[in-house]
Amino acid sequence: MESEEILNYCLEHLGGTVLVNSWGEKGIFYNPDNKLKRGIYILTVKEKDGDNDKGSFLDRDGIYRVNLGIRKQTFIKMFGKVPKRPAKGCVVDLKYDFTETDKMIPHPVYAWMSWICILNPGNETFEKLKPLITEAYEYAKEKYEKKKL
């Protein structure tokens, strides 16, 4: 599965979303009528390491990571707990191989904010991810409404 397929799925199935390229990644944001500068994060695709995010070793050929923020309760149900925020440039203190492909795991840096990730999801794993994408979308819509635009 290619990263563009995932981004296109989101744009086609999640109303009011836009694609934004920034900070070396492509992000799907909820931003109906473009009322916000970027919008509210739903999902990102990152294809290279950043200064403070090297835990997945994304600089390998053909590797990308899908990242999304889910509700804290869902994160805890999936992984048992939300970790503490890591020190700058470090990964969260959880026992996961953050370089493993095609497996849903906590985000190596932003798990403390209930973000999850998958490196190079296959078709079957992407089907399992779709309900979580929907959750991230609904969560983003709630955050957007709280801004009272």
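Visitor: Before we look around, what does it take for a charge to sit over a ring?

Guide: Here a charge sits over a ring if NZ of Lys or CZ of Arg is within 6 Å of the ring centre, and the atom must also be within 35 degrees of the ring normal. Keep in mind that this is a predicted model.

Visitor: Then which residue lies over the face of Y139?

Guide: Look for a lysine above that ring. Its distance from the ring centre is 4.2 Å, and the limit is 6 Å. The residue over the face of Y139 is K143.

Visitor: Let's step back. In what order do the elements of the chain run?

Guide: The secondary structure comes to 3 helices and 6 strands. Start at the N terminus and follow the chain along, and the elements run α-β-β-β-β-α-β-β-α.

Visitor: What radius of gyration does the chain have, set against a compact globule?

Guide: For 149 residues, a compact globule would come out near 15 Å. The C-alpha atoms fill a box of roughly 40 × 30 × 30 Å along the principal axes. The chain agrees with the globule value, as its radius of gyration is 15 Å.

Visitor: How much of the chain is buried?

Guide: A residue counts as buried when its relative accessible area is under 20%. On the outside, the chain exposes about 8,300 Å², with carbon and sulfur atoms supplying 47% of that. Of the 149 residues, the buried share is 46%.

Visitor: Now the aromatic rings: how are F29 and Y41 arranged, stacked, tilted or edge-to-face?

Guide: The structure holds 8 aromatic pairs, and F29 with Y41 is one of them. Their centres are 4.5 Å apart, with 35° between the planes. Stacked needs planes under 30 degrees apart and edge-to-face needs over 60, so this pair is tilted.

Visitor: How many residues apart in sequence are the parts that this pair ties together?

Guide: F29 belongs to strand β2 (residues 25-30), while Y41 belongs to strand β3 (residues 40-46). The pair therefore ties together parts whose separation in sequence is 12 residues.

Visitor: And of those two, F29 and Y41, which one counts as buried?

Guide: Y41 has 31% relative accessibility, so Y41 counts as partly exposed. The other ring's residue has 2%, and buried means under 20%. The buried one is F29.

Visitor: Which residues form one aromatic cluster?

Guide: Two of its members differ in cover: Y96 is partly exposed at 28% relative accessibility, whereas F98 is buried at 6%. The whole cluster is F75, F79, Y96 and F98.

Methods: Residues numbered from 1 in each chain as written. Predicted model: local features only at pLDDT ≥ 70, side-chain atom pairs only at ≥ 80, totals over all residues. Heavy atoms only, no water. Phe/Tyr/Trp six-rings, centres within 6.5 Å; stacked < 30°, edge-to-face > 60°. Helix = DSSP H or I, 4+ residues; strand = E, 2+ residues; numbered from the N terminus. Buried < 20%, exposed > 50% of the residue type's maximum accessible area, 1.4 Å probe, protein only. Rg over C-alpha atoms; globule rule 2.2 N^0.38 Å. Areas by Shrake-Rupley, 256 points an atom, 1.4 Å probe, with all protein chains shown as cover.
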